[in-house]
Amino acid sequence: MTRLHPGGDHELDHIYDSRIPVIGVGEGSWPSLVEHLQELTDLPHETVQRRLKGTRKYGVAFEGWGRRNRDFTHYFTPQQVSYAYHLSADLMADLLHESTRARHVDAKVLRINRVDGGAEVEFEGRAPERYDLVFDARGFPGEIDPARHIHISFVPTDTAVIRRCPAIISDGRDGPVLQHTYTRAVARPHGWIFVIPLVAHTSYGYIFNRDVSRLAEVEADFDTFLQADGVPEFEQRAVIPFPNFVHREIYDGAVARIGNRAAFMEPLEATAIVSAQFQIGMVLQTRLNRPAEHLERDAPVVNRFLVDNMLRYGLFVGWHYSCGSRYDTPFWRYARDRAWPKHRQGADPEAVGCAALGRFDEMIELLNRPVIDRADWGRMCAVPLTSYAQMSQGLGC
C-alpha cells in the first residue's frame, strides 16, 4: 500500500503484538519473491540478499522420496537460472518495515468484525478502530470448523519440530553468496526433514503426524539424522502443531485473511510466502483498480479464485506422497494408502465450491500422454507443468 500510494491519500495502520516472538520458520521462498522485494524496497537484489542473510535457492532436493529409490531435484524454471531466497524471517520483517509508511499500533487484537462500510478491530486495553479494509494476518485459526474451513485431509502431516543449527554456508565478504543452494527434503521413517541453508544459520525441521508417531520417537530420529549430517549442536526452537486447511471466505470485501489465517499446508514446497503475496496482490488490485460500486460482486469472485488456487497447491503437495518413500513404516503407509486417497473426496467440487480437482486431474492426464503438445507446455495448476513433470519423473508416478 505504501508503494502504490506514496502520496499519503490513504491512512495506514500496521497493527502487531510485540509480545509474539518470531519463531523463524517459513525461510524458503519462490522466485517471485526476488523481484517483489526489489520492487518494495527499491534496493538492488544483491543488497536485499545480504540484508536477509540469504542464499540463492535453485530448487528442492528430494532424498528418498517415491518408488524409484533415488534422489532427485525439483528445479525452478529455467533450470539453474531462476532462483528464490533462503532468508531470515525476522530480518525480512525488519527490511519491509523500513519501506512502510504507516502508524504502528502495538496491541493485542481481540476480534475483527465486519460492519457497514468496512470492518472494526477490537483491541485489548484500547478503543476499537474502524477501517475500510483489514488484512487479517493473525495466524492459524483456533480450530478447524467445517462450516468455515476446508480441511486438506489428503496432506498427511500436522506437526513440525524446528531446530536451528550452525551455518554451513559462509557469508560472502565482497558481496552476496552466489553459490547454488537447495532446500533439502529428506524422507525419514516418521515423515521428512527440511534443511534450509542461510549464511546466519541452518534451519532444520522434522515434519510428521502426531497421531501416527510419538514426539519422543521423532526427536530420537531427528538426533540420529543430525549426527549423521555432522551437526554437533542445535537450538530447539519450537514444536508447532499445524492445520492443513483453506478458509472458505478468504476475502469478503472488507476483511482479507492472508498467510496462515487464510490457508496452510505443510512447508514441503514453500507455498506460504507465495500464497500471501498472491492473496494481498489480488485484493489490492481489485480494491484499487475497480469502482467501489462493484465491490459486492467482485469479492465473491476474488474469494473463489483464491480458494481454488490454494486447493491446487494442496493437491500438488499431497500428490508428493502418492508413491511413498524408501521407508515402509506406519507413517509412509498411512500417507500413501490412507491420506492421499482422500483427495477426491476432500477436493470434491460440490464440497469446496471450485474446480481445483478438475484442473489437477487435467495436469495428471497431460503427464500420461506419450507426447505433450507444445500448446500445452505453458499449462499451470498452481505450479507449471514443468514442476509436475519433474516431480512425476522423480517420484516414479
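Select Ile150 and Val246 to start: Ile150 stands opposite Val246, a residue of strand S16. The model is a predicted one. Now widen the selection to strand S16, residues 245-247, and strand S10; the two run antiparallel and are joined by three bridges.

Add strand S18 to see the rest of the sheet. The sheet is open, has three strands in the order S10-S16-S18, and is paired antiparallel. Its edge strands are S10 (149-151) and S18 (263-264), each of which pairs on one side only. Bring in helix H6 as well: H6 packs on this sheet and touches S10, S16 and S18. The direction of H6 makes about 175 degrees with that of S16.

Next, select helix H5, residues 271-289. Its 19 residues should span 27 Å at 1.5 Å a residue, and the end C-alpha atoms are 27 Å apart, so the expected span and the model agree. Colour the buried residues of H5, which include Thr271, Ile273, Val274, Ser275, Ala276 and Gln277. Further along H5, Gln279, Val283, Leu284 and Thr286 are buried too. What do the buried residues of H5 pack against? Show helix H1 (32-41), helix H3 (89-98) and helix H6 (295-319), then strand S9 (134-136) and strand S17 (255-257); these are the elements they pack against.

Stay with H5 and turn on cavities. The structure holds one cavity of 30 Å³ or more, and the largest cavity has a volume of about 50 Å³. Which element gives the largest share of its lining? That share, four residues, comes from H5. Select Thr271, Ala272, Ser275 and Gln279, which are among the lining residues. Then add Gly259, Ala263, Phe264, Met265 and Met310, which also line the cavity. S18, the edge strand seen earlier, supplies at least two residues of the lining, as does H5.

The remaining stops concern the backbone. Most residues other than glycine have a negative phi, and most peptide bonds are trans. Go to Asp42, in the loop between H1 and helix H2 (45-51). Asp42 has a positive phi, near 60 degrees, and is exposed, with a relative accessible area of 65%.

Move on to Lys53, in the loop between H2 and strand S2 (55-63). Phi of Lys53 is also positive, near 50 degrees. Is Lys53 exposed or partly exposed? Its relative accessible area is 34%, so it counts as partly exposed, a class that lies between 20% and 50%.

Finish at Pro78, in the loop between strand S3 (72-75) and strand S4 (84-86). The peptide bond from Thr77 to Pro78 is cis, with omega near 0 degrees.

Technical notes: Residues numbered from 1 in each chain as written. Predicted model: local features only at pLDDT ≥ 70, side-chain atom pairs only at ≥ 80, totals over all residues. Heavy atoms only, no water. Expected span 1.5 Å × (residues − 1). Buried < 20%, exposed > 50% of the residue type's maximum accessible area, 1.4 Å probe, protein only. Contact = heavy atoms within 4.5 Å. Pairing = 2+ DSSP bridges. Axes fitted to C-alpha atoms, helices over the stretch in contact; angles between N-to-C directions. 1 Å grid on protein atoms, 1.4 Å probe; cavity = no way out; pocket = protein on both sides within 12 Å on 5 of 7 lines; lining within 4 Å. Points joined across faces, edges and corners; volume = space filled by probe spheres on them.
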